[in-house]
Amino acid sequence: MSKVCIIGAGLSGLLCGMRLSKAGFEVIILEQLTYPGGLLASTHLGGEYIELLPHHLRRTDKALLSVTKELGIDGKVKWYDAFWYGLASRKKVGYFEGGFATLFNLMIQTITDNGGKIMYSTSVSEITKKDDGTYVTSCVLSDSRKYEIESRYVVFTGSCRTFVNVSHGLPMSMNMRDQLMNLTYQSRICLALLMKKLPSDAYIQLKFPANTETPFARIVNHSACIKDRNYGGQVLYLVGKCQISDPLWVESDQKIMEEYFRAYRKLYPLIKKSDIKSWRLTKVRYAVSEQFPETDLTEPLDNIFVCSSALTSFSTQETPENRMDRITLLANSICTKIIEKDQSDNGHQEDFIVTAL
Ligand SMILES: Cc1cc2nc3c(=O)[nH]c(=O)nc-3n(C[C@H](O)[C@H](O)[C@H](O)COP(=O)(O)OP(=O)(O)OC[C@H]3O[C@@H](n4cnc5c(N)ncnc54)[C@H](O)[C@@H]3O)c2cc1C
């Protein structure tokens, strides 16, 4: 049975892990953080899970919706009428009972039921290739212990830039390396607030009154739309684009929170600081890629795959964030390739080799 080492336990990594472990591969997933979900990671609030960054499903997310059907949780997707202030339109948005954690928890269970493993707090530092074609993924645990994992296939799901950094020892063409490195990313800062009340009933606000300068570009009044949840308050997100060269990027969470909230109060002067029940700030360095490469970079070398949202196309008509469906399609196609390749090569038989260094 062939082995696959998957780097990242976000939507892509878990989906690949689920598909490949079900197809009989030995799967190991390495995640640098202490929790799964990547950009879709959740936290506990009141009696519910809620995402650190605002997410919703769209009716057009066909590939992702079919995964929910496959897992038997399509009935847990509820559709809400959402008002888009700034586009002056109404849309249906989908959200899971139990949040996106419902999806992840089931994916993780499927992976482990099929013999797959997930290692958290495990940061991949380098991927190399042996003469026999086996890949060696070197990683560092939070206690500084180092491990090496040998596998026939590797799927990398982090940013393309991180991939270039960890793959410097691979015999990849300069052209391929340059194309991956040239993909630029926007960063995001997101302040999630649990409020006593919300001053707006719009789900998303993209436009603010003229002459109002805000460090955030979007307000997502999650609880104005998804009303039937017991968070112990009303959830609101303030999402900002921020260059990492911007002095705000390196400020403390407390300072950024204060600056964001000050700007928010200029829009809603009746809101007071005492209306905040709790808050959490999330910074994402590689949040959204800005362009789509002209050539297919998803298999830079034989048997190593990059399943990264930067390699999925997006329409300029929509917000560049909307990539869950595209990444689902890419993960599906990468898994199909691996399964077909393995069937035609007849697979390797040896076990995972996990070597403590
Ligand atoms: C603010 C915001 C809002 C969004 N809203 C929506 C939405 O409403 N609808 C939609 O369709 N899409 C949305 N998206 C996009 C969506 O979040 C992503 O397309 C999707 O989550 C990408 O999943 P992924 O697994 O490919 O990547 P990620 O979620 O980034 O997962 C990659 C994982 O790899 C891990 N990793 C990286 N490097 C290493 C390493 N060296 N070693 C070990 N682990 C590593 C990371 O820790 C991470 O967990 C939004 C994005 C943002 C930023």
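**Exercise 1. Give the strand order of the open sheet of seven strands and find its edges.**

Solution. The model is predicted; local features need pLDDT of at least 70, side-chain atom pairs count only at pLDDT 80 or more, and totals for chains, interfaces and linings use all residues. Residues are numbered from 1 along each chain as its sequence is written.

Step 1. Strands (E, at least two residues) and helices (H or I, at least four) are DSSP runs, numbered from the N terminus. Two strands pair if DSSP finds at least two bridges between them.

Step 2. The order across the open sheet is β6-β5-β13-β14-β15-β12-β16, and the pairing is mixed.

Step 3. β6 (89-96) and β16 (276-289) each pair on one side only, as edge strands.

**Exercise 2. Describe how β12 is joined to β16 and to β15.**

Solution. Step 1. Strand β12 (residues 185-195) runs antiparallel to β16, with ten bridges between them. Within this pair, Leu191 is opposite Leu281, and Tyr185 has Ser289 as its bridge partner.

Step 2. Strand β15 (residues 234-241) is also antiparallel to β12, through eight bridges. Here Arg188 stands opposite Lys241.

**Exercise 3. State what makes up the largest nonpolar core.**

Solution. Step 1. A nonpolar core is a set of buried Ala, Val, Leu, Ile, Met, Phe, Trp, Tyr and Cys residues joined through C-beta atoms within 7 Å. Buried means that 20 or more other C-beta atoms lie within 10 Å of the residue's own, with C-beta atoms placed from the backbone.

Step 2. The largest such core has 86 residues, and Val4, Cys5, Leu14, Cys16, Val155 and Ile334 have the most contacts inside it. Helix α8 (residues 324-345) gives the largest share, seven residues.

Step 3. Two residues are in contact if their C-beta atoms lie within 7 Å. Leaving out residues up to four places away in sequence, Leu14 touches Ala9, Pro36, Phe104, Met107, Ile108 and Ile111.

**Exercise 4. Classify the packing of α2 and α8.**

Solution. Step 1. Axes are lines fitted to C-alpha atoms over the stretch in contact, and angles run from 0 to 180 degrees between N-to-C directions. Helix α2 (residues 62-70) packs on α8 at about 70°, with the axes 7 Å apart.

Step 2. Angles of 65 to 115 degrees count as roughly perpendicular, so α2 and α8 are roughly perpendicular to each other.

Step 3. The contact involves Lys62, Ala63, Leu64 and Val67 of α2, and Met324, Asp325, Thr328, Leu329 and Asn332 of α8.

Methods:
Buried ≥ 20, exposed ≤ 12 C-beta atoms within 10 Å, placed from the backbone. Parallel < 35°, antiparallel > 145°, perpendicular 65-115°, else oblique.
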